[in-house]
Amino acid sequence: MLQNEKINQIAGHEFASTGEGDHVSAALLIENEIQRYAADWRSNSSSALLKFCSEIERRFEIDTRGWRARELQLTMALGVGFFFTTTITDFVFIPDLGLIGLLVRALVVPMVLISIFSMPRLPDHLREGCVTGTGMVVISVMTTLPAVSSAPLAPFAFATAMLGLIYGNTTLPLRFKGACLTSMICGAIMILEIFAHPGIGLELQWVLTFQVVMASTFSLITSYRVERSTRFNYLLSSREALRLETLSADREKLTTLSNTDALTGLVNRRHFDRESAAIFSSPSNAGKDVALLFIDVDHLKRYNDHYGHPAGDGCLRAVAFRLSLTSSAVHWFSLGPVHSRFHRQHGSGCPDLKRGSGSGAAFPRAGRCWPCRRAPSSPAQMMASTNC
């Protein structure tokens with residue numbers, strides 16, 4: 001459960017940071033993979049494969065790299081404790097070896113520790129190969145000790161090696177490919193040493209072989225189900241992350257549209273009222289002067305009557321464009337901490353709310369930012385003056 005929560009967090013962060021242009025393609029890829037994983041393997045054999053398409057597989061490896069390395073470090077450290085704990089059974093099953101089993105284990109520990117500490121810095125394929133190779137060495141050591149013992153209970157010590165194989169496939173856990181390779185190689189070594197041991201009768205050899213095969217089979221089934229569940233949860237959480245990101249972007253667009261005047265592109269009365277209320281109610285503005293500049297477009301009605309309302313709308317858009325340039329100039333030249341919000345009102349008015357500089361300084365500053373100009377005598381001249 002903890003592993004699935006980590007997968008959800010990682011996938012949510014990664015796909016939420018995906019660019020808007022990639023959202024559709026990523027969503028289609030993820031949906032296709034979800035449908036494939038959810039299909040019945042009897043009708044769609046590809047549903048049993050533990051591999052994504054190349055793009056999703058690349059993202060999966062990148063996203064899970066950190067927590068995969070930490071999980072392997074933790075379980076390998078626990079495995080070292082298990083490895084040394086099995087020394088207790090040596091005094092019962094293979095007492096003729098004395099402390100040889102403990103010394104052999106001590107020789108293997110440095111390799112395991114090197115793998116643990118180098119895990120976060122290794123590439124994905126080297127990391128998995130390192131874990132698989134280390135697991136094979138440890139299990140082979142646990143298999144070899146009873147093979148060289150002549151104690152009467154030595155055959156029962158092979159059960160310890162089987163526990164090591166189960167630990168690697170289910171608790172570590174190895175990736176399914178690595179688990180299959182480890183089970184085949186280490187299982188074959190166990191069976192060969194069982195049949196080569198002179199103190200084990202034929203009946204017991206077949207019983208131990210059956211136990212090796214069953215331990216490998218059951219642990220591989222668990223390894224497959226764990227990896228499949230991990231990958232499927234990654235797909236589901238990635239899909240939800242993309243949906244949340246899309247909803248968040250749509251919400252921002254709706255908020256912008258609801259606060260923007262469709263004609264001029266400036267913020268509307270709703271936004272102006274909310275921002276002005278925030279300014280006046282903010283404790284940080286207590287005792288400070290606030291100035292409100294109301295900019296009026298002269299003779300707009302006559303302009304509309306003479307040139308038509310489309311030209312009047314163009315005039316308002318040109319004024320709004322000038323105001324937006326003026327606001328940029330104010331901030332660009334660092335004329336003080338000015339907080340500007342423009343609002344179209346009654347077709348010709350645009351208030352400019354300024355704070356933190358005092359009402360006496362607001363009017364001269366406005367004059368320097370937008371010098372007085374003679375009104376254009378035609379819509380063509382108006383557009384030319386706007387682009388100057």
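**The nonpolar patch**

Start by selecting Phe91, Val92, Leu99, Leu102, Leu103, Leu153 and Phe156, which in this predicted model make up a nonpolar surface patch of about 680 Å². If you then colour helix H4 (87-93) and helix H5 (100-118), you will have picked out two elements that each supply at least two residues of the patch. Within the patch, centre the view on Leu103, which is found in helix H5 and counts as exposed because its relative accessibility is 57%, where the cut-off for exposed is over 50%.

While helix H5 is still in view, one more selection is worth making, namely Arg105 together with Phe83: Arg105 lies over the face of the Phe83 ring, at 5.5 Å from the ring centre.

**The whole chain**

Now zoom out until the entire chain fits the window, and switch to a cartoon, in which 14 helices and 2 strands can be traced. Of the 388 residues of the chain, 42% count as buried, and the accessible surface comes to about 21300 Å², of which 65% belongs to carbon and sulfur atoms. If contacts are taken between residues at least 6 apart in sequence, 71% of them join residues that are at least 24 apart. The next stops include pairs that link distant parts of the chain.

**Arg231 and what surrounds it**

Select Arg231 and Glu57 as sticks, and display the salt bridge between them, in which the closest N and O atoms are 2.9 Å apart. Arg231 belongs to helix H9 (residues 202-258) and Glu57 to helix H3 (residues 54-85), so that the bridge links distant parts of the chain, 174 residues apart. Is Arg231 buried or exposed? Arg231 is buried, with a relative accessible area of 3%, and its partner Glu57 is likewise buried, at 11%.

Keep Arg231 on screen and add Phe52, since Arg231 also lies over the face of the Phe52 ring, at 4.8 Å from the ring centre.

**The aromatic cluster**

From Phe52, extend the selection to Tyr37, Phe60, Phe232 and Tyr234, which together with Phe52 form one aromatic cluster. The count of aromatic pairs comes to 10. One of them is Tyr37 with Phe52, whose ring centres are 5.6 Å apart and whose planes stand at 45°, so this pair is tilted. Because Tyr37 lies in helix H2 (residues 20-38) and Phe52 in the loop between H2 and H3, the pair ties together parts that are 15 residues apart in sequence. Tyr37 is buried at 3% relative accessible area, and Phe52 counts as buried at 5%.

Turn next to the other side of this chain of selections, where Phe52 and Tyr234 form a stacked pair, with 6.4 Å from centre to centre and 25° between the planes. Since Phe52 is in the loop between H2 and H3 whereas Tyr234 is in helix H9, this pair ties together parts that are 182 residues apart in sequence. Tyr234 is buried, with a relative accessible area of 0%.

**A network of charged side chains**

Clear the aromatic residues and move to helix H6 (residues 124-147), where Asp124 and Arg127 are 3 residues apart and therefore separated by about one helical turn. Their side chains meet in a salt bridge, at 3.2 Å from N to O. Asp124 is buried, with a relative accessible area of 15%, and Arg127 is buried as well, at 1%. Add Glu128 to the selection, and a further salt bridge of Arg127 appears, the closest N and O atoms of Arg127 and Glu128 being 2.9 Å apart; both of these residues are buried. Which residues belong to the network built from salt bridges that share partners? Select Arg65, Arg68, Asp124, Arg127 and Glu128, which such bridges join into one network. For the chain, the count of salt bridges comes to 14.

**Thr182 in helix H8**

For the last stop, select Thr182, which lies in helix H8 (residues 176-196). With a relative accessibility of 1%, Thr182 counts as buried, because buried means under 20%. To see what surrounds Thr182, leave aside its neighbours within four places in sequence and display the residues in contact with it, which are Thr132, Met136, Ile139, Leu165, Leu174 and Gly187.

Notes
Residues numbered from 1 in each chain as written. Predicted model: local features only at pLDDT ≥ 70, side-chain atom pairs only at ≥ 80, totals over all residues. Heavy atoms only, no water. Patch = residues over 30% accessible without salt bridge, like charges linked within 9 Å, V, L, I, M, F, W, Y side chains within 5 Å. Areas by Shrake-Rupley, 256 points an atom, 1.4 Å probe, with all protein chains shown as cover. Salt bridge = Lys/Arg side-chain N within 4 Å of Asp/Glu carboxyl O. Helix = DSSP H or I, 4+ residues; strand = E, 2+ residues; numbered from the N terminus. Buried < 20%, exposed > 50% of the residue type's maximum accessible area, 1.4 Å probe, protein only. Contact = heavy atoms within 4.5 Å. Phe/Tyr/Trp six-rings, centres within 6.5 Å; stacked < 30°, edge-to-face > 60°. Lys NZ or Arg CZ within 6 Å of the ring centre and 35° of its normal.
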